[in-house]
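Biologist: Please take a close look at the salt bridges for me, and describe where their partners sit. I would like one connected account with the cut-offs spelled out.

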Amino acid sequence: MRPAPRPLFSPEHEAFREQVRRFCEREVAPHHVAWEEAHGVPREVWRQAGENGLLCCWLPEALGGPGADLLFDFIVSEELGRAGATGPGFPLHSVIVAPYLAAHGTPALQQALLPAMVAGEKIAAIAMTEPGTGSDVAAIRTQARREGDHYVLNGQKTFITNGHNADIVVVACKTDPDQGAHGVSLLVVERGMEGFSRGRNLRKIGQHAQDTAELFFDSVRVPASHLLGEEGLGFKYLMQKLAQERLLVSVQCQARAEAALAWTVDYVKERKAFRQRVADFQNTRFKLAAVATDIAAGRAYCDQLIAQHLAGELDAVGAAAGKLWHSELLGRVTDECLQLFGGYGYMHEYPIARAFTDARIERIYAGTSEIMKEIVARDLLDDRKMP
């Protein structure tokens, strides 16, 4: 199937895509297996990404960015997906964390952190999830008490992407524990602050090159100037940014599904069984046709979601539906494709095996599939929207 035109992207975008693709082929793909063994991506790769203009592309020049648009950052996400590279946490750094600083940081904090993030000199993470809360952000127990011109932060976070590499961590905490969601605030914790420590690099079933960590805050004194926005509005800020976060998951899942299909098509053309190519079996052709059709629908849906977001029209329900569909799509595609590899699909050295285990988390983080269904169902059954 020929790729459908993507009118969202200009010739400038496509020239940038070629630049990113060459970077991934040169600096990422050949080393990714070694990074999986090391359970982390070297910081030098982040600096190289910064030098090549791959980080925080959307940031305006006034904040130290190149002043491009969000499509450039989505291209970075797509090309990492095309390479099967789940280790470099560039998209979270650029598309999820940087917007909080740009929207709610003080001018001094922005100038201190954002240009360094663009350069890859400082790596960012966001810390919401706690051992006992999962997706329930309103139930977090990490607390920050105001003392003069500082907050004293205590608590624990887990499953934090970029956790070991991070120099900057946006931490969701309770500044008023009696107010539930209305007591949540966002504080920026920096590497080297006394009392801030990291636990083990978590061993996951997939995405082994990603440095996912536990974080601990033991009476960390965070300057009051590191509060993002207003006290007690952290939950509101998180909800405002969730649509973009969930759209990013759609973008990544779609790209990785396309890569899985491409690897499988190449494999079945070469692999022989019973004196013929695996591609010559009707079952193979039917399976690939169904997967390709699903992926084509996914591409059209994903680009529609991107267009809605760029126009300011993507709401929480639309983003949740997209995240649900694309994360489930990736799971189906990698499962079907792995089957066509036979026993070799179960071998870690084959990219389809890694893609299969890498894909499983997509239905869990940024809100589980069950929560996405609940968001869509609530909207669907809302009597106030009935004609």
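**Salt bridges, pair by pair**

Modeller: Happy to! Arg191 has a relative accessible area of 41%, so Arg191 counts as partly exposed (buried is under 20%, exposed over 50%, partly exposed in between, with a 1.4 Å probe and protein chains only). Before going on, please note that this is a predicted model, where local features need pLDDT of at least 70, side-chain atom pairs count only at pLDDT 80 or more, and totals for chains, interfaces and linings use all residues. Numbering runs from 1 along each chain as its sequence is written, and side-chain values use heavy atoms, leaving out hydrogens and water.

The partner of Arg191 here is Asp167: the two form a salt bridge (a side-chain nitrogen of Lys or Arg within 4 Å of a carboxyl oxygen of Asp or Glu), and their closest N and O atoms are 2.8 Å apart. Asp167 sits in the loop between strand E3 (150–160) and strand E4 (168–174), while Arg191 sits in the loop between strand E5 (184–190) and strand E6 (196–201), so this contact ties together parts that are 24 residues apart in sequence. Helices (H or I, at least four residues) and strands (E, at least two) are DSSP runs numbered from the N terminus. With 8% relative accessibility, Asp167 counts as buried, whereas Arg191 is partly exposed.

Now to the helices. Arg17 and Glu78 also form a salt bridge, their closest N and O atoms being 2.8 Å apart. This pair links distant parts of the chain, with Arg17 in helix H1 and Glu78 in helix H4, 61 residues apart. Arg17 and Glu78 are both buried.

Arg17 and Glu78 also belong to a wider arrangement: salt bridges that share partners join them with Arg6, Glu14, Arg21, Glu79, Glu258, Arg299 and Asp303 into one network.

For another pair, turn to Arg26 and Glu27, whose side chains meet in a salt bridge at 2.9 Å, N to O. Arg26 is partly exposed, as its relative accessible area is 44%. By the rule given above, the count for the model comes to 24 salt bridges, including Arg17 with Glu78, Arg26 with Glu27 and Asp167 with Arg191.

If you would like an exposed residue to set beside these, try Tyr346. Tyr346 lies in the loop between helix H9 (316–341) and helix H10 (351–359). Its relative accessibility is 70%, and therefore Tyr346 counts as exposed.
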